[in-house]
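Please read the following account with the structure open beside it. The text moves from charged pairs to aromatic rings and then to the surface.

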Amino acid sequence: MNVPDWKNELQPQLRELLVGKMRETLEWYCPFSDPASLDVLKKMVIRFEEKIFTSATSKSDYSRKISLKILALDLPRANGSVPFDDVDDCSSSTSSLESANSPTGSA
């Protein structure tokens, strides 16, 4: 019996929707106005989703892992907490993202 691979059955639109949800949530915590920072954030979220997709062993495993991550991102927002004390903390995080995602991987 030939069993189809669950990864081939997962709609690309669903993955894009989940990436958008994670990016939207992260932008809420730290609203970037710089297009370069937004691009870095988008690439980071895409890579993160790809790691979950690659490591998942089934569609239900993927759904569980991605749901837990989205829930972990949304819970502090739902409780009214913000992970950054001020805009300077947010800016330093952007710099960290950019250096971590540079071709050399360091600042």
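Aspartate 39 and lysine 43 both belong to helix α3, which covers residues 35-55, and they stand four residues apart there, about one turn of the helix. In this predicted model, the two side chains form a salt bridge in which the closest N and O atoms are 3.2 Å apart. Aspartate 39 has a relative accessibility of 36% and therefore counts as partly exposed, and lysine 43, with a relative accessible area of 46%, is partly exposed as well.

A pair with this spacing can also be found in helix α2, residues 12-29, where arginine 23 and glutamate 27 lie four residues apart, about one turn of the helix. Their side chains meet in a salt bridge with an N to O distance of 3.5 Å. Arginine 23 counts as partly exposed at 26% relative accessibility, and glutamate 27 is likewise partly exposed, its relative accessible area being 26%.

Helix α4 supplies a further example, since lysine 65 and aspartate 61 both lie in that helix, four residues apart, which is about one turn. The closest N and O atoms of this salt bridge are 3.4 Å apart. Is each partner buried or partly exposed? Lysine 65, at 23% relative accessibility, counts as partly exposed, whereas aspartate 61 has a relative accessible area of 11% and is buried, because the limit for a buried residue is under 20%. Through salt bridges that share partners, Asp61, Arg64 and Lys65 are joined into one network. The structure holds six salt bridges, when every pair is counted.

The helices named so far can now be placed in the whole chain. The protein has five helices and zero strands, and along the sequence these elements follow the pattern α-α-α-α-α. Of its 107 residues, 23% count as buried. When contacts are taken between residues at least 6 apart in sequence, 69% of them join residues at least 24 apart.

Which parts of the sequence does the pair of tryptophan 6 and tyrosine 62 tie together? The aromatic pairs come to a count of three. In one of them, the rings of tryptophan 6 and tyrosine 62 have their centres 6.1 Å apart and their planes at 40 degrees, so the pair is described as tilted. Tryptophan 6 lies in helix α1, residues 6-9, and tyrosine 62 lies in helix α4, so this pair ties together parts that are 56 residues apart in sequence. Both tryptophan 6 and tyrosine 62 are buried. The aromatic cluster does not end with these two residues, for Trp6, Phe53 and Tyr62 form one cluster.

Phenylalanine 53, a member of that cluster, also has charged side chains over its ring. Lysine 7 lies over the face of phenylalanine 53, at 5.3 Å from the ring centre, and arginine 15 lies over the face of phenylalanine 53 at 3.7 Å from the ring centre.

A further link across the sequence starts from leucine 26, which lies in helix α2. At 22% relative accessibility, leucine 26 counts as partly exposed, since the buried class is reserved for values under 20%. Which residues does leucine 26 touch, if those up to four places away in sequence are not counted? Its contacts are with Leu41, Met44, Val45 and Leu73. Leucine 26 and arginine 77 are 51 residues apart in sequence, yet their C-alpha atoms are 9.9 Å apart in space.

The last stop is the outside of the protein, which exposes about 7,200 Å², with carbon and sulfur atoms supplying 57% of that area. Leu68, Leu71 and Leu75 form a nonpolar patch on this surface, and together they have about 270 Å² of accessible area. Leucine 71, one of the three, is found in helix α4, which spans residues 59-78. Its relative accessible area of 45% makes leucine 71 partly exposed, and this value passes the mark of over 30% that a residue needs to be part of a patch.

Terms used
Residues are numbered from 1 along each chain as its sequence is written. This is a predicted model: local features need pLDDT of at least 70, side-chain atom pairs count only at pLDDT 80 or more; totals for chains, interfaces and linings use all residues. Side-chain values use heavy atoms; hydrogens and water are left out. Patches are made of residues with over 30% relative accessible area and no salt bridge: like charges are joined within 9 Å, nonpolar side chains (Val, Leu, Ile, Met, Phe, Trp, Tyr) within 5 Å. Accessible areas come from the Shrake-Rupley method with a 1.4 Å probe; for residues, only the protein chains shown count as cover. A salt bridge is a side-chain nitrogen of Lys or Arg within 4 Å of a carboxyl oxygen of Asp or Glu. Helices (H or I, at least four residues) and strands (E, at least two) are DSSP runs, numbered from the N terminus. Buried means under 20% relative accessible area, exposed over 50%, partly exposed in between (1.4 Å probe, protein chains only). Rings of Phe, Tyr and Trp (its six-membered ring) pair if their centres lie within 6.5 Å; planes under 30 degrees apart count as stacked, over 60 as edge-to-face and the rest as tilted. A charge sits over a ring if NZ of Lys or CZ of Arg is within 6 Å of the ring centre and within 35 degrees of the ring normal. Contact means heavy atoms within 4.5 Å.
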